[in-house]
Amino acid sequence: MTDLAQSDRVAKAAAMRAAGVDPFPARGVVPQPISELLAGAGTAAEPGPLVGKTVTIAGRLLAPRDFGKLIFAPIVDRTGRVQIGLRRDSLTEWWPQRKWLDAGDQLGVTGELGFTQKGEITVWASEVKLLAKSYAPPPEKWHGLADVEQRYRRRYVDLWATEGVMDVFIKRSKIVSGIRRFLEAQGYLEVETPTLHPIFGGATARPFVTHHNALGCDFYLRIAPELYLKRLIVGGLERVFEIARNFRNEGISTRHNPEFSMLELYEAQADYRRMMEIAEQMLERLALDINGTTKVTFRGAEYDLKAPFQRVRYPDLFRQQNGCEFDDEPAVRQRAKELGLTDPGNYWKLMNDVFEATCEKLLTGPVFCTDYPVPICPLAKTNPHDPKTAERFELFLGGMELGNAFTELNDPAEQERRFEEQVASKDEEAPGEVDVDYVQALEYGMPPTGGLGIGIDRLVMVLTGQDTIRDVLLFPAMRPLSATQAPEASAEGAPAAAKETH
RNA sequence: GGGCGCGUAGCUCAGUCGGUAGAGCAGCUGGCUUUUAACCAGCUGGUCGUAGGUUCGAGUCCUACCGCGCUCACCA
């Protein structure tokens, strides 16, 4: 047992067992969701029971208020919160067992729905069943869990102890199912592709490495599912999407987590313009479904996700902010010097640094920034009427990148050339070898295809008004506590815990 | 990795100039049949993140380390 278990609570469980009552019974009750019960109860009412309306609820008992012969306490389940009223006169046989209850216990309650003298809707209990004893006390009731580290490390407490947290994750689930509904309605097929990749690609990022014992080789955790999904377009599936967990071995910030969820979709016969339509229609639909309005508030500013979104061309924005063309190397280098940027050793990286320093803050949006320079788009098709730019866009909101899309490069020789350039760069974030199998897939012929990637976590941030990615991740990445600090990991604790179970 | 800040009871936090470790909540005992963070009386609860150092004396000052947050860098 950890040091969170309170001895008096453990002692109560022992007393229950001695009295023949199981503090951890195997069976629960058949409860009605609290929100449902509240919706059916009406508002104003006479004090006293609503005759004939007997309900059963189950949930966590919080902050009991004991008046000696009467106890009030809230019960919370996943849908809401309701007060229960325990009266000695209606629970004569059970009454001594109230001493076994603590805040935090899992409780099943049956009783008549009614109101109190103050008009509070209340389940007047006729039957109470302890469903699981809580050994660890809940957080302080005024402030809840205020320490953010504890909130993330003990999300199983945060979810019910901190106002609004459960709602964010319920919305997250609705957003993900809304995405599925939206795409399936358009004939998309949801697929699953490998997470273990022999060659990492589809994005620029440092990967995690792992090892397969039986095959005797290393694998990378995927940084993007892109190249596998496009293989499926070659395979004839025509419209596919995947909600993929990606892994990038890079810094953690309010917008970055080492593992994050990405929606990627690919559609044969589509191009990046069609991808813009899908993106704006999907976001508008999701905002309406989740919030009932296309207006969202993010980091203190309001945005409207009503389609169509604004469009701005990368070359135009670059020229407007820097007074030169993006491929005017001497002028751009001069500009970089003025901005105090350090040369990353590659002109196109430097140019993009200039863009990010001067233009990205203007992309409050929602806005599609389109037509990126070809050298920074190794997987996108070149604009047929402009060899300097690729048919690519990024979607921004509040200066944050939400999505990335292009008309996919499907010329195998050109793709091979661009892969070779990446490998030759010897960049830490570039793959060590050309993905020959992918080039080979293209050699079989991939139809004209549009592809779109959207960061699910960031989208959830925007739609739920959370400023940091950790608040939309149930278990954000944290440094593990050392064995001596984590009581559940201590060697001495294990045998005792084992005895407690089976 | 750099800068700034934080770490004191199960939880939320005080702790002055370096001089006996504090409060509220939770818990325990008693009282109370209409509370909404109930209330009243009493009690319990501490390796002050860890390890060193300075000092007659360290929660407080110094050093290192650990953890977390913010921020910068990184992250197309």
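Strands here are DSSP runs of E at least two residues long, helices are runs of H or I with at least four, and both are numbered from the N terminus. Keep that in mind for the loops and strands named below, and note that this is a predicted model.

**View 1. Proline 308 sits in the loop between strand 14 and strand 15.** Look at the peptide bond leading into this residue from alanine 307: it is cis, with omega near -5 degrees. Just before this loop comes a hairpin made by strand 13 (residues 295-298) and strand 14 (residues 301-304), which run antiparallel and are joined by four bridges. Threonine 297 has glutamate 302 in strand 14 as its bridge partner. Two residues lie between the strands of this hairpin, and arginine 299 takes a positive phi there, near 50 degrees.

**View 2. Eight strands make up an open sheet with mixed pairing.** Reading across, the order goes 7-11-12-21-20-19-16-15. Strand 7 (189-190) and strand 15 (310-313) are the edges; each has a single partner strand, so one side of each has no neighbour in the sheet. Zoom in on strand 16 (residues 367-370) and strand 19 (residues 392-397), and you'll find an antiparallel pair held by four bridges. In that pair, cysteine 369 faces glutamate 394 of strand 19.

**View 3. Helix 7 (residues 272-291) lies across seven strands, strand 11 (239-247) and strand 12 (259-268) among them.** Strand 15, strand 16, strand 19, strand 20 (400-407) and strand 21 (449-455) are also on the list. Against strand 21, the helix runs at about 35 degrees. Glutamine 269 is in the loop between strand 12 and helix 7. This residue has a positive phi of about 70 degrees, although it isn't a glycine. Is glutamine 269 buried or exposed? Glutamine 269 is exposed, with a relative accessible area of 62%.

**View 4. Helix 5 (residues 165-184) is 20 residues of helix with a well-covered side.** Its first and last C-alpha atoms are 29 Å apart, close to the 28 Å expected at 1.5 Å a residue. The buried residues of helix 5 are Val165, Val168, Phe169, Arg172, Ile175, Val176, Gly178, Ile179, Phe182 and Leu183. Covering these buried residues are, among others, helix 3 (148-153), helix 4 (155-161), strand 11, strand 12, helix 7 and helix 13 (456-464). An α-helix has 3.6 residues a turn, so residues three or four places apart point the same way.

**View 5. RNA strand B is surrounded by 49 residues.** The closest are Lys118, Trp142, Thr204, His256 and Arg470. Which parts of RNA strand B lie within 4 Å of the protein? Of those atoms, 59% belong to sugar or phosphate, and the rest belong to bases. Helix 3 gives the most to the surface near RNA strand B, with three residues. Other elements that supply at least two residues include helix 1 (7-18), strand 3 (70-77), helix 10 (347-358) and strand 19.

**View 6. Arginine 65, lysine 69 and arginine 87 each reach RNA strand B with a polar side-chain atom.** For arginine 65, a side-chain N or O atom is 2.6 Å from a base oxygen. Lysine 69 has a polar side-chain atom 3.3 Å from a phosphate oxygen. Arginine 87 also has one 3.3 Å away, but from a base oxygen. While you're here, find alanine 63 in the loop between strand 1 (48-61) and strand 2. Alanine 63 isn't a glycine, yet it has a positive phi of about 35 degrees. This alanine is partly exposed, with a relative accessible area of 27%.

**View 7. Threonine 358 is a buried residue of helix 10.** Its relative accessible area is 5%. The side chain of threonine 358 makes a polar contact of 3.2 Å with the side chain of asparagine 322. A polar atom of the threonine side chain also lies 2.8 Å from the backbone oxygen of valine 354. Leaving aside neighbours within four places in sequence, threonine 358 is in contact with Gln321, Asn322, Arg335 and Leu339.

**View 8. Proline 366 is in the loop between helix 10 and strand 16.** At 9% relative accessibility, this proline counts as buried. Which residues touch it, beyond neighbours within four places in sequence? Proline 366 is in contact with Tyr303, Asp304, Leu305, Phe309, Gln310, Leu395, Phe396 and Leu397. For a sense of scale, the C-alpha atoms of proline 366 and threonine 193 are separated by 30 Å, and the two residues are 173 residues apart along the chain.

Terms used. Residues are numbered from 1 along each chain as its sequence is written. Chains are lettered from A and ligands numbered from 1 in the order in which they are written. This is a predicted model: local features need pLDDT of at least 70, side-chain atom pairs count only at pLDDT 80 or more; totals for chains, interfaces and linings use all residues. Side-chain values use heavy atoms; hydrogens and water are left out. Two strands pair if DSSP finds at least two bridges between them. Contact means heavy atoms within 4.5 Å. Axes are lines fitted to C-alpha atoms, for helices over the stretch in contact, and angles run from 0 to 180 degrees between N-to-C directions. The expected span of a helix is 1.5 Å times one less than its number of residues. Buried means under 20% relative accessible area, exposed over 50%, partly exposed in between (1.4 Å probe, protein chains only). A residue is near a molecule or strand if one of its heavy atoms lies within 4 Å of it. A polar contact is a pair of N or O atoms within 3.5 Å; within protein, one must be able to donate a hydrogen and the other to accept it, and residues adjacent in sequence count only if both atoms are side-chain atoms.
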